[in-house]
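User: Could you take a close look at one part of this model for me, the part that carries a UniProt domain annotation? Then carry on outward from there, and spell out your cut-offs as you go.

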Amino acid sequence: GHIICGLVCHPDKEHILYPLGCTVVIQELDSKKQTFLRGHTDNVSCIVVSKDGVYVASGQVTFMGFKADIILWDFQKEELLARLSLHKGNVEDLAFSPNSRYLISLGGQDDGSVVVWDVAKREGVCGSPASPRSAGNATVVVCSSCRDEMFVTAGNGTIRVWELDLANRKIRPTECQIGKVKRLMMCVRMADDDNVFYVGTSSGDILQVNTHNKVMTEYGPQKKKFSSGVTALLVLKTGDLIVGTGGGVVALCKGSNYKIMKQIQVHGAVTSLTRRGQGHQVFVGTNECQIYRINYTEFKEELIAACHNEAVHDIVFPFGSSKVFATCSKNDIRVWHTPENRELLRIIVPNVTCHAIEIMRDGRSIISAWNDGKIRAFTPETGRLMYMINHAHSLGVTAIAATSDSKRIISGGGEGQVRIWEIGERTHKLVEVLKEHVCAVSCIKIKKNDQECVTTSLDRTCIIWDIVRFVRKQMFLANTLFKCVCYHPKEYQIITSGTDRKVAYWEVFDGSPIREVEGSVSGTINGMDITSDGVHFVTGGDDHLVKLWNYDEGAVTHVGVGHSGNITRLKICPEKKYIVSVSADGAILLWKYPDLR
């Protein structure tokens, strides 16, 4: 949600497009069905749809000094038409000319050039430095509404109107005269008749510039400016404006004096405003990862999509049910309804990060581990705080698990201690502290009979504990920072994985290694889960791939490509319908469990 103008409503009025990591998502508005455009090698930085809806173009970021691709897509066939690469570092913004003849692209800070591409020939026509030496970087480009040969760029202290001279393959800029007004331009919208264009600034006002003589005709509001800057604009057929601000206000303003007629408040700073059809409906995208729909007549907001806007650290299903699942992130825990992919509950605890969650077997509470050293338990229906264990661990709680009778919690901390808590009706008391690990505990799993548990740690050890007598039974040592562990359902073997990218099988009885298989070619394995029959297991990690394995053969049977961030955790749902994986870029992906019969 942090990409400026990242949410685009397609001209067919039935689809919206937005970037998610290195994929572009096309979502049907009615059925919520999603399709994905895959081809970028790094995060997508901008996205634009042509006026006739035939083409989609998207730009990406890349490493310093390397070329960043622009990909031209066919919307109907959902296929890649061409890769256009000239810009270094990243592509800041894109715009199609009104008849889709040209695509104009703007390079980022390290590139600073504007390039005109011929869409039919799929090649560059000409380029030029985007902003004058006396001004800052240009960050926005927008095309004329009627003529293919004219476009506008704007940025820090600069607004330029460009004319394309195709015969000589040159683009010629004219600097707009805005007097003594010094502004950082954040968004530009062209009026439908091309006579004027509007520029939103970080100071919270709107400049109106005449396209013909390149002079600013007026700016406003004079007295009460919009707080946190004007980050998005829409020009309506009536001449009125819809303004989105960094403070989360969406306002309908008069075109003449910018007087606010109606306004609403949304959650997070507005990054995108896009209209459906003629503007009877408007979609708003915010940097808190929320998409709202606004009906123009009532001017009331309706939340249609939401997700985490920080890395997701854990995902858990309730015992025996696939209908709901819970995820946790910085500031919040969310409960999702699986068939409809919608959010049921949001539990907010500001300014702290939740590292791990568990749903108690009796379904009465969600227990969570937080980096402020507290264990918090919430009711799953209302999200009310039931109890809180203060100072559970000194360096934050990093892992948590609950016994099947829901009377005990086992928690692991950043300092390496494993603590066992007795949970009563209204009380909670510390039963035992197990001190062996010397680094953060990364994962805890409990045996079905509640008499034994296994903990993995970043100190390169994995320990099996007797939690009746509170002693160590076995210890596995390996040259890896363990990230995850699973008991085989028959509980005579465990599998572990971590930073050495290998999946290791161990004998529980005497702690001997059985075998190691190469789990990933590149990157740590962060999460794994095993099916209830023990035939298959899944892994995911920093290589962004979800892999389904055959347990006995130790071989990969299926691979899922879709994440663009490091996968932090993944789970197979109890009924084996889905695999749900969560990642560090804030995405939650649902995969269909393959039919293995």
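Analyst: Residues 33-292 are 56% strand and 0% helix, and the C-alpha atoms at the two ends of this span lie 17 Å apart. Helices and strands here are DSSP runs numbered from the N terminus: H or I over at least four residues for a helix, E over at least two for a strand. UniProt, in an unreviewed entry, labels residues 33-292 "domain: EML-like first beta-propeller". UniProt positions follow the numbering used here, feature names are shortened, and such annotations may be inferred rather than shown by experiment.

Before going further, some ground rules: this is a predicted model, with local features taken only at pLDDT of at least 70 and side-chain atom pairs only at 80 or more, while totals for chains, interfaces and linings use all residues. Residues are numbered from 1 along each chain as its sequence is written, and side-chain values use heavy atoms, leaving out hydrogens and water.

Let's start with a sheet. Strands E21, E22, E23 and E24 line up in that order as an open, antiparallel sheet of four strands. (Two strands pair if DSSP finds at least two bridges between them.) At the edges are E21 (230-235) and E24 (260-265), each pairing on one side only. From one strand to the next, the twist averages 20°; the axes behind that are lines fitted to C-alpha atoms, with angles running from 0 to 180 degrees between N-to-C directions. Inside the sheet, E22 (residues 241-245) and E23 (residues 249-253) run antiparallel and are joined by four bridges. In that pairing, Gly 244 faces Val 250 in E23. As a reminder, strands of a sheet pair through backbone hydrogen bonds, either parallel or antiparallel.

Just ahead of E21, have a look at the loop that follows E20 (216-220), where Pro 221 sits. The peptide bond from Gly 220 into Pro 221 is cis, with omega near -5°. Another backbone oddity is Arg 122, in the loop between E11 (113-118) and E12 (123-129). Its phi is positive, near 55°, and Arg 122 is not a glycine. Arg 122 has a relative accessible area of 32%, which means partly exposed: buried is under 20%, exposed is over 50%, and partly exposed is in between, using a 1.4 Å probe and protein chains only. Lys 13 tells a similar story in the loop between E1 (8-9) and E2 (15-20). Phi of Lys 13 is near 65°, again a positive value in a residue other than glycine, and Lys 13 is partly exposed because its relative accessibility is 37%. For context, most residues other than glycine have a negative phi, and most peptide bonds are trans.

Moving along the chain, strand E29 (residues 312-316) is mostly covered, with four of its five residues buried. E29 pairs with E30 in the antiparallel sense over four bridges, and Asp 314 stands across from Cys 328 in E30. E30 spans residues 324-337 and holds Asn 331. With 26% relative accessible area, Asn 331 counts as partly exposed. Leaving aside residues up to four places away in sequence, Asn 331 touches a run of neighbours: Ile 347, Ile 348, Val 349, Pro 350, Asn 351, Val 352 and Thr 353, where contact means heavy atoms within 4.5 Å. One of those, Asn 351, is 20 residues away along the chain, yet the two C-alpha atoms are separated by 5.6 Å.

Further on there is another open, antiparallel sheet of four strands, ordered E47-E48-E49-E50. Its edge strands are E47 (525-530) and E50 (555-561), each with a single partner, so one side of each lacks a neighbour in the sheet. Neighbouring strands there are turned against each other by 20° on average, direction ignored. E47 pairs antiparallel with E48 (residues 536-541) over five bridges, and Ile 525 stands opposite Gly 541 in E48.

Now zoom out. The protein has 53 strands and zero helices. Its radius of gyration is 27 Å, which agrees with the value near 25 Å for a compact globule of 597 residues; the radius is taken over C-alpha atoms, and the globule rule is 2.2 Å times the number of residues to the power 0.38. Along the principal axes, the C-alpha atoms fill a box of roughly 85 × 50 × 45 Å. Of the 597 residues, 58% are buried. Among contacts between residues at least 6 apart in sequence, 40% join residues at least 24 apart. The accessible surface comes to about 25600 Å², with 49% belonging to carbon and sulfur atoms; areas come from the Shrake-Rupley method with a 1.4 Å probe, and for residues only the protein chains shown count as cover.
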